[in-house]
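Reader: I am new to this structure. Please walk me through its strands and its charged pairs.

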Amino acid sequence: TVGQFKIGLIHGHQVVPWGDHDAIATIRRQLDVDVMISGHTHKLEVYEKDGKFYINPGSVTGAYSALERDPVPAFILMDIQSNSLVTYVYSLTNDEMEVKKIEFKKGKDDREE
C-alpha cells in the first residue's frame, strides 16, 4: 500500500493470453488491489477500467516482443500522494521523447490527461 492505493505487481507471463485486459482484471480482483502493474509484453499501456488503474510500463530499451511489431522504448514514473496517483509516461517515437502526464484519483471513474 502506498498512500491510499493498494498496488499489485506481476511479471505478466502468467496472464493468458499475454496482455489480455480481462485476464489482467481477473488477477487484479484476486489480489484485491486498486492499481495493477504488469509487463511481459513489452507493450506500453496505461488505462483505467471499472474504477481501477492498469499499467504496463513497456520496455525501456524497446526490446523485441512477439506481440508488438514495432516496440517503442518507454518507461513510467509514478507519484502517489494520498488518493492521487500521477504517472509520467515517457516514450521514444521517431527519435523524439514524448512525455504524457496521466492522473488517477481513487474513488473517481475519470482520469485527467
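Reader: Which residue in the turn between β5 and β6 has a positive phi?

Author: This is a predicted model. In it, β5 and β6 form a hairpin, with 2 residues between the strands. The turn residue with a positive phi, about 55 degrees, is S82.

Reader: How many bridges pair β5 with β6, and in which sense?

Author: β5 covers residues 74-81 and β6 covers residues 84-93. Within the pair, I76 stands opposite V89 of β6. The sense is antiparallel, and the number of bridges is 8.

Reader: Which residue in β7 is the bridge partner of L85?

Author: β6 and β7 run antiparallel, joined by 10 bridges. They also form a hairpin with 2 residues between the strands, where N94 takes a positive phi near 50 degrees. The partner of L85 in β7 is F104.

Reader: Now the open sheet. Which strands stand at its edges?

Author: The sheet has 4 strands and mixed pairing, in the order β1-β2-β4-β3. An edge strand here has a single partner, so one side of it is left without a neighbour in the sheet. The twist averages 15 degrees from one strand to the next. The edge strands are β1 (7-9) and β3 (44-49).

Reader: Which residue of β4 stands opposite M36?

Author: Strands of a sheet pair through backbone hydrogen bonds, either parallel or antiparallel. β2 and β4 pair in the parallel sense, over 3 bridges. Opposite M36 in β4 stands Y54.

Reader: At about what angle does α1 run to β3?

Author: α1 lies across β1, β2, β3 and β4. Its angle to β3 is about 65 degrees.

Reader: On to the charges. What links D34, K52 and K106?

Author: Side chains of opposite charge can pair when their charged atoms come close. K52 and D34 have their closest N and O atoms 3.3 Å apart. For D34 and K106 that distance is 3.2 Å. What links D34, K52 and K106 is a network of salt bridges.

Reader: How many residues apart are K52 and D34?

Author: K52 and D34 form a salt bridge. K52 sits in strand β4 (residues 52-57), while D34 sits in the loop between α1 (21-31) and β2 (35-37). The pair links distant parts of the chain, and the separation is 18 residues.

Reader: How many residues apart in sequence are the parts that D34 and K106 tie together?

Author: D34 and K106 form a salt bridge. D34 lies in the loop between α1 and β2, and K106 lies in the loop between β7 (96-105) and β8 (111-112), so the pair ties together parts whose separation in sequence is 72 residues.

Reader: Is D34 buried or exposed?

Author: Buried means under 20% relative accessible area. D34 has 6%. K52, with 22%, is partly exposed, and K106, at 33%, also counts as partly exposed. D34, at 6%, is buried.

Reader: Which residue meets K100 in a salt bridge?

Author: K100 is partly exposed, with a relative accessible area of 41%. The side chain it meets belongs to a residue that counts as partly exposed too, at 36%. Their N to O distance is 3.7 Å, and the partner of K100 is E98.

Reader: How many salt bridges does the structure hold?

Author: The pairs discussed above include K52 with D34, D34 with K106, and K100 with E98. For the structure, the number of salt bridges is 6.

Technical notes
Residues numbered from 1 in each chain as written. Predicted model: local features only at pLDDT ≥ 70, side-chain atom pairs only at ≥ 80, totals over all residues. Heavy atoms only, no water. Salt bridge = Lys/Arg side-chain N within 4 Å of Asp/Glu carboxyl O. Buried < 20%, exposed > 50% of the residue type's maximum accessible area, 1.4 Å probe, protein only. Pairing = 2+ DSSP bridges. Axes fitted to C-alpha atoms, helices over the stretch in contact; angles between N-to-C directions. Contact = heavy atoms within 4.5 Å.
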